[in-house]
Amino acid sequence: MLLGRLCPLLGALLAVVAPTLAEEERTHGSVPLRTHSLTTPFLDSDLQSRWFDYGGDTIIRADRYVRLASDHPSQSGWIFSRVPLTATNWEIELEFSIHGKNNLFGDGMGMFLTRQRAQQGTVFGFQDRFEGLGIFIDTYKNNRPGVIFPYVMAMLGDGNTVYDKDNDGKANELAGCSARGLRNTDFPTKMRVTYFAEKTLKVDLMYKKEDEWTPCFEVPNIKLPSVTYMGLTAETGELSDNFDIFKLETRNLYDLGTGNLPHGQNSPFGKNPTAKVTSSSGGGGWTWFFLKFVFFGLAVTGAVQLAVTAVVSGVVVGSAILGLQTAKKRYKVSDLKDSIPDLREEHDINSFGGAIPPKPPQDAEDVRSSALAARARKGDYDESLILEQLARNRVFLTDPGLSKLRDAFIIVVGCGGVGSHAVAALARSGAGSLRIIDFDQVTLSSLNRHAVATLADVGTPKVHCIRKRLEQVTPWTKFDVRNELFGGDKAERLLGPFEGREPDYVVDAIDNIDSKVELLEYCRKKGLKVVSSMGAGCKSDPTRVFIGDISASSEDPLSRSTRRRLRLKGVKDGIACVYSQEKAGPGKAQLLPLAEEEFKKGEVKELGVLPDFRVRILPVLGTMPAVFGLCAANHVMLEISGYPHDYLPSKGRDKMYESIHSSLQGGEERLARHFGIDSLGLRIPILPDDVGYLVEEVFHARSVVSGLGSRLALVRWHKPDGDFVDESTPGQKRDKLKMEDVVLMTKDEAARHEKEILKGDKKHEELYGQDILELVQKRLDQEKHFAQFR
């Protein structure tokens with residue numbers, strides 16, 4: 001009878017404690033890795049991410065998701081950990097959604113654990129030839145007969161292997177599975193990746209039913225690089241989808257008994273990923289011990305009533321606690337689900353391409369402005385209102401001039417402090433079509449110099465921010481927005497026509513030397529009109545800002561480097577630029593050095609957001625980029641409208657270069673005769689253009705001996721051997737002189753050098769001090785370095 005009364009109670013108690021027993025009998029435990037996990041609001045209090053970098057077309061909506069790519073063609077976005085993942089065994093659980101409104105869709109997304117980081121490319125938004133693990137969710141079928149898409153597959157890259165994109169990775173597949181129904185689910189899908197070093201890699205998916213995991217694949221005996229960066233990427237092509245990240249959890253795995261993995265297992269998962277092991281002591285957890293204690297008390301004491309009361313009380317209290325915890329969990333899950341937008345609604349991004357958290361008054365205004373802009377671009381806008389808004393420009397430029405500007409197509413590359421002011425000025429002045437190009441996003445530090453960005457725009461692409469704000473000012477302006485990094489390989493596409501019209505002018509507002517040189521070289525060789533903004537950083541005097549030919553720019557490191565690189569590519573002038581003649585001096589701002597500890601760590605270049613981008617902070621007074629941007633826009637407006645303006649001449653030093661070239665030719669002929677060589681018809685391989693490069697870029701138009709800048713001449717530095725004239729070609733005498741063989745002196749110094757060293761027996765140490773010898777060697781080493789760019 002007593003046993004009959006106790007059975008229901010004991011059954012209830014076992015039901016309560018069974019989950020606890022199961023939880024306590026896991027084979028391994030885990031420690032969350034905050035450095036490699038993401039959850040709302042995704043950004044820290046300063047609207048930056050402490051542990052992740054992001055770029056491309058990635059949009060972060062702090063209250064909802066990280067959108068790697070939107071449902072628009074040619075999107076590519078990424079988010080990568082700033083610190084490497086060094087855990088030996090780990091588990092990554094990703095909660096995401098791939099959704100869109102079209103029946104045809106693509107391309108897909110990827111999870112990467114690689115030695116490289118934050119480098120955009122062609123493998124679902126990441127670079128090809130990566131080293132490490134890539135797991136791809138491919139939603140578009142190119143050429144995989146017999147395979148159902150979406151398809152999830154893994155690839156182990158060695159740093160040299162190219163991804164087989166044409167055949168959807170068939171040649172690279174490590175393992176994979178079809179996941180039909182993964183797209184447009186009614187609940188957030190999940191992917192769980194578990195790795196035990198040199199043992200097993202396993203991938204499970206949750207997409208068929210909520211809280212139901214489906215095994216995808218398991219790969220034994222796999223070894224990944226011990227140090228990798230973790231990243232998520234996505235891209236679209238002609239077909240598109242939204243690729244949203246809701247949550248990313250990374251955990252370090254360890255054995256509960258030893259802190260390490262159990263030895264002697266072929267697979268840590270066995271046949272069942274949730275397999276349990278029983279404690280060797282045979283005792284189980286504390287709850288099991290408590291049950292045995294209760295049973296023993298019932299058997300030996302006879303105090304049945306007291307025991308029953310104790311058991312019932314324990315069950316009631318335990319049930320109450322578990323019930324409260326379960327309720328809290330359900331409320332949290334419910335709130336999280338409520339925060340996820342309905343996938344069937346138009347919620348991907350707002351009509352401006354931004355990612356602004358819901359603010360009813362602001363959003364309503366944005367929607368109204370967007371709708372107005374859409375109608376205006378189609379011609380549904382009163383022409384008299386446009387002319388009234390442009391009235392001051394109209395009377396200044398006259399009707400024909402304003403008409404040319406309104407018909408013009410202008411491209412602005414770089415939308416930071418300089419570019420944003422240039423775009424804003426052009427739009428406000430009546431420019432008809434504007435293509436704006438920039439890969440970067442608005443940050444808090446951008447707000448001191450950006451023309452239109454606000455706090456609400458932090459974290460959104462600069463190009464979308466500019467379009468959104470300026471559509472509220474000039475809704476009739478046609479904006480072509482390109483949220484990507486400019487490069488020489490993309491120049492033809494990014495600088496190509498818009499609605500059938502070739503660009504009338506290009507504004508270069510790039511602050512990266514490689515991209516700037518590629519842009520200017522392309523424009524010069526293709527005959528595109530371009531105005532280039534040189535460095536506004538560390539400048540403070542607006543009265544020293546000028547517009548002129550690039551050959552006339554000076555006192556600016558960016559301008560000097562640009563000129564030098566362009567000269568090596570055969571471009572020496574013909575490019576308008578905005579530059580400052582302000583000189584550096586004591587007490588003035590300078591490029592901030594990196595902390596010594598960063599140099600000690602090595603690989604300083606990896607600190608940059610992108611390869612070859614600066615990693616040091618450039619001091620910028622907020623007003624100066626505006627001055628540069630407005631000057632560039634002003635020049636473009638005057639050029640297009642045909643308004644009279646004086647173009648500042650270059651230095652006019654061509655005659656000086658020709659004179660120095662003739663002097664060098666004469667010196668080599670004299671030297672040939674001195675060594676008994678007939679100098680008639682002797683030709684030197686250095687051209688007048690090369691002379692200009694040597695004088696301006698290598699020697700900075702100053703004698704290496706005295707520092708004087710007048711009556712200059714180039715002369716050999718070392719005494720030649722007897723065989724410095726090549727006569728192997730009949731009828732031709734070629735001097736073997738190289739640009740790295742000559743130095744710049746005054747004519748008097750060159751004559752003395754020729755007499756006492758080139759023709760005499762004196763050594764350099766007898767004629768020059770140590771400081772001059774070191775300066776000459778420095779200049780010659782610079783020329784050897786620059787020679788590699790020719």
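**Overview of the chain.** Helices, of at least four residues, and strands, of at least two, are DSSP runs that are numbered from the N terminus. In this predicted model, the chain has 18 helices and 28 strands. Buried residues account for 48% of the 790 residues in the chain, and, of the contacts with a separation of 6 or more, 71% join residues that lie 24 or more positions apart.

**Close-up of the crossing of helix 7 and helix 13.** Two packed helices are described by the angle between their axes and by the distance between those axes. Here the axis of helix 7, residues 417–429, comes within 7 Å of the axis of helix 13, residues 623–641, and the two cross at roughly 40 degrees. An angle that is neither under 35 degrees, over 145 nor from 65 to 115 counts as oblique, which is why helix 7 is oblique to helix 13. The crossing in which helix 7 passes helix 13 is right-handed.

**Close-up of the residues between helix 7 and helix 13.** From helix 7, the contact includes Gly417, Val418, His421 and Ala422, while the residues of helix 13 that take part include Pro625, Phe628, Leu630 and Met637. Sorted by class, this contact of helix 7 with helix 13 holds 11 nonpolar and four polar residues, and no charged ones.

**Close-up of a sheet with three strands.** The sheet is open, with its strands in the order 24-27-26 and with mixed pairing. Strand 24 (682–683) and strand 26 (725–726) are the edge strands, each of them pairing on one side only. Strand 24 pairs with strand 27, residues 733–735, in the parallel sense over two bridges, and leucine 682 has lysine 733 of strand 27 as its bridge partner.

Methods: Residues numbered from 1 in each chain as written. Predicted model: local features only at pLDDT ≥ 70, side-chain atom pairs only at ≥ 80, totals over all residues. Heavy atoms only, no water. Axes fitted to C-alpha atoms, helices over the stretch in contact; angles between N-to-C directions. Left-handed = near helix turned anticlockwise from the far one by under 90°. Contact = heavy atoms within 4.5 Å. Nonpolar A, V, L, I, M, F, W, Y, C, P; charged D, E, K, R; others polar. Pairing = 2+ DSSP bridges. Buried < 20%, exposed > 50% of the residue type's maximum accessible area, 1.4 Å probe, protein only.
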